Amino acid sequence: MKKTYLILIPLGVLVVLAYPLLIHVLALDIEYSKGILPLAILIAGCIAGAGYFPFLMIFNQTGHPYYQSALYFLIFASNLILNLMFVPYWGMTGSAIGTALSNIVYVFIFRAMVKRQLGVKF
């Protein structure tokens, strides 16, 4: 988990910092610059859950496909609900917020399910 964070935090910061330069170098329309805030929000959400992403398939690997499906459904449902809450108010930025928050919600759901079903504490 620690190695994942050690790699992805600097990589995420680098991507956000490089985004405006990339728009300029590729001579993209200036409208693309509006994506910097949603990009930063999405990357922050990904980084928040990054340490747990390598363990996403733990239920399949331990012979519990039902719980794997339940985990995926809960991740999907949280993303859907959060996007329905935020997109109408903040558009693209709201979508980024909803998706980033669903990555954080995933961590809590994952930890609770793994502890309850497998007896493993993260």
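This briefing describes the helices, selected residues and aromatic ring pairs of the structure above. The model is predicted. Helix H4 covers residues 65–118 and has a kink of about 155° centred on Trp-90. The model also holds 10 aromatic pairs.

**Helix H4: span and bend**

- Helix H4 has 54 residues, and a straight helix would reach 80 Å at 1.5 Å a residue.
- The end C-alpha atoms of H4 are, however, only 13 Å apart, which is short of that span.
- A kink of about 155° lies in H4, and Trp-90 is at its centre.
- Just after H4 comes Gly-119, which takes a positive phi of about 70°.

**Helix H2: span and surroundings**

- Helix H2 runs over residues 36–49 and has 14 residues.
- At 1.5 Å a residue, H2 should span 20 Å; the end C-alpha atoms are 20 Å apart, so the expected and the computed values agree.
- The buried residues of H2 are Pro-38, Ile-41, Ile-43, Gly-45, Ile-47 and Gly-49.
- Helices H1 and H4 are included in what covers these buried residues of H2.

**Two buried residues: Thr-4 and Asn-103**

- Thr-4 belongs to helix H1, which comprises residues 2–25.
- Thr-4 counts as buried because its relative accessibility is 19%, and buried means under 20%.
- Leaving aside residues up to four places away in sequence, Thr-4 touches Ala-50, Gly-51 and Pro-54.
- Asn-103 belongs to helix H4.
- The relative accessibility of Asn-103 is 14%, so this residue also counts as buried.
- Asn-103 touches Gly-45, Cys-46, Gly-49 and Phe-53, again leaving aside residues up to four places away in sequence.
- Among these contacts of Asn-103, Gly-45 and Gly-49 are buried residues of H2.

**An exposed residue: Lys-115**

- Lys-115 is located in helix H4.
- Lys-115 counts as exposed because its relative accessibility is 51%, and exposed means over 50%.
- Lys-115 touches Val-120 and Lys-121, not counting residues up to four places away in sequence.
- Lys-115 and Glu-31 are 84 residues apart in sequence, and their C-alpha atoms are 45 Å apart in space.

**Aromatic pairs**

- The count of aromatic pairs comes to 10.
- One of them joins Phe-59 and Tyr-67: the ring centres are 6.1 Å apart, the planes are 50° apart, and the pair is tilted.
- Within this pair, Phe-59 is buried, with a relative accessible area of 0%, whereas Tyr-67 is partly exposed at 26%.
- Tyr-67 also pairs with Tyr-66 in an edge-to-face arrangement, with 5.3 Å from centre to centre and 75° between the planes.
- Tyr-66 is exposed, with a relative accessible area of 61%.
- Elsewhere, ring pairs link Tyr-52, Phe-53, Phe-55, Tyr-106, Phe-110 and Phe-122 into a cluster.
- One member of this cluster is Phe-53, a residue that Asn-103 touches.

Technical notes: Residues numbered from 1 in each chain as written. Predicted model: local features only at pLDDT ≥ 70, side-chain atom pairs only at ≥ 80, totals over all residues. Heavy atoms only, no water. Phe/Tyr/Trp six-rings, centres within 6.5 Å; stacked < 30°, edge-to-face > 60°. Buried < 20%, exposed > 50% of the residue type's maximum accessible area, 1.4 Å probe, protein only. Helix = DSSP H or I, 4+ residues; strand = E, 2+ residues; numbered from the N terminus. Contact = heavy atoms within 4.5 Å. Expected span 1.5 Å × (residues − 1). Bend = angle between axes of the 7 residues up to and from the residue.
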